[in-house]
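User: Here is a model I'd like to go through with you. Please pick out one part and give me a close look at it.

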Amino acid sequence: PAKPAPPAHRPMGELRALSPAQRRTYEFLIAERDLVHELCVVAEELYTAPDPAAQLAARLCELPLPAVSYLPTCRSSDTFERIVRLPAEEAVVFVTQARSSVLLYAEVLRSKSGRS
């Protein structure tokens with residue numbers, strides 16, 4: 001099956017109007033969104049895979065992490081935890097009649113200042 005396309009980016013003209021700080025923030029958020037999208041695509045593809053557990057490890061090894069990615073499920077006041085690796089050998093896939101879900105761990109580096 002065809003892989004779903006990631007959500008569209010803003011038109012280039014709109015990006016030129018952003019300040020450098022706004023552009024960096026925009027690029028960071030797009031990278032975070034795309035990472036979550038890719039993880040969802042992996043889970044969806046495993047639903048119909050003949051050997052989901054074996055394919056999960058392979059797919060996670062292929063998954064490119066953005067240069068700077070953080071756990072997206074935290075409050076803005078939380079200390080940032082930079083994702084450095086998604087250990088494929090620790091991931092588990094659960095396939096039910098309705099969907100497949102992936103439980104994975106993220107190896108992170110915590111910033112001492114809370115921001116990095």
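What I'm after is the salt bridge between Glu45 and Arg59, and how that pair sits within the rest of the chain.

Analyst: Happy to. A word on the ground rules: this is a predicted model, in which local features need pLDDT of at least 70 and side-chain atom pairs count only at pLDDT 80 or more, while totals for chains, interfaces and linings use all residues. Residues are numbered from 1 along each chain as its sequence is written, and side-chain values use heavy atoms, with hydrogens and water left out.

Let's get our bearings. The chain has three helices and four strands, and from the N terminus on they run α-α-α-β-β-β-β. Helices (H or I, at least four residues) and strands (E, at least two) are DSSP runs here, numbered from the N terminus. Of the 116 residues, 26% are buried, where buried means under 20% relative accessible area, exposed means over 50%, and partly exposed is what falls in between (1.4 Å probe, protein chains only). A contact is a pair of heavy atoms within 4.5 Å; among contacts with a separation of 6 or more, 60% are between residues 24 or more positions apart.

Now for your pair. Glu45 and Arg59 form a salt bridge, with the closest N and O atoms 1.9 Å apart. Glu45 belongs to helix α2 (residues 20–46) and Arg59 to helix α3 (residues 52–62), so the bridge links distant parts of the chain, 14 residues apart. The term itself asks for a side-chain nitrogen of Lys or Arg within 4 Å of a carboxyl oxygen of Asp or Glu.

How covered are the two partners? Arg59 counts as buried because its relative accessibility is 18%, whereas Glu45 is partly exposed because its relative accessible area is 30%. If you set aside neighbours within four places in sequence, Arg59 is in contact with Val42 and Glu45. Glu45 also has Leu56 on the other side of a gap of eleven residues in sequence, with the two C-alpha atoms 9.4 Å apart in space. The pair doesn't stand alone, either: Glu45, Arg59 and Glu62 are linked in a network of salt bridges.

That network belongs to a total of five salt bridges in the structure. One of the others joins the side chains of Asp34 and Arg33, at 3.2 Å from N to O. Asp34 is partly exposed because its relative accessibility comes to 22%, and Arg33 is partly exposed because its own figure is 25%.

Another bridge takes us over to the strands. Glu107 pairs with Arg85, the closest N and O atoms being 2.9 Å apart. Glu107 lies in strand β4 (residues 107–110) and Arg85 in strand β1 (residues 81–85), so this bridge ties together parts that are 22 residues apart in sequence. Glu107 counts as partly exposed because its relative accessibility is 36%, and Arg85 counts as partly exposed because its relative accessibility is 36%.

For contrast, here's a nonpolar spot. Val92, Phe94 and Leu103 make a surface patch of about 260 Å². Patches are built from residues with over 30% relative accessible area and no salt bridge; like charges are joined within 9 Å, and nonpolar side chains (Val, Leu, Ile, Met, Phe, Trp, Tyr) within 5 Å. Phe94 is in strand β2 (residues 92–95) and is partly exposed because its relative accessibility is 46%. That strand, β2, pairs in the antiparallel sense with strand β3 (residues 100–103) over four bridges, pairing being called when DSSP finds at least two bridges between two strands. β2 and β3 make a hairpin with four residues between them, and across it Phe94 stands opposite Ser101 in β3.

Zooming out to the whole surface, the chain's accessible area is about 8,000 Å², 58% of it belonging to carbon and sulfur atoms. Those areas come from the Shrake-Rupley method with a 1.4 Å probe; for residues, only the protein chains shown count as cover.

One last check, on covalent links. A search of the whole structure finds zero disulfides, a disulfide being a pair of cysteine sulfur atoms within 2.5 Å. Cys61 is exposed because its relative accessible area is 62%, and Cys40 is partly exposed because its relative accessible area is 39%.
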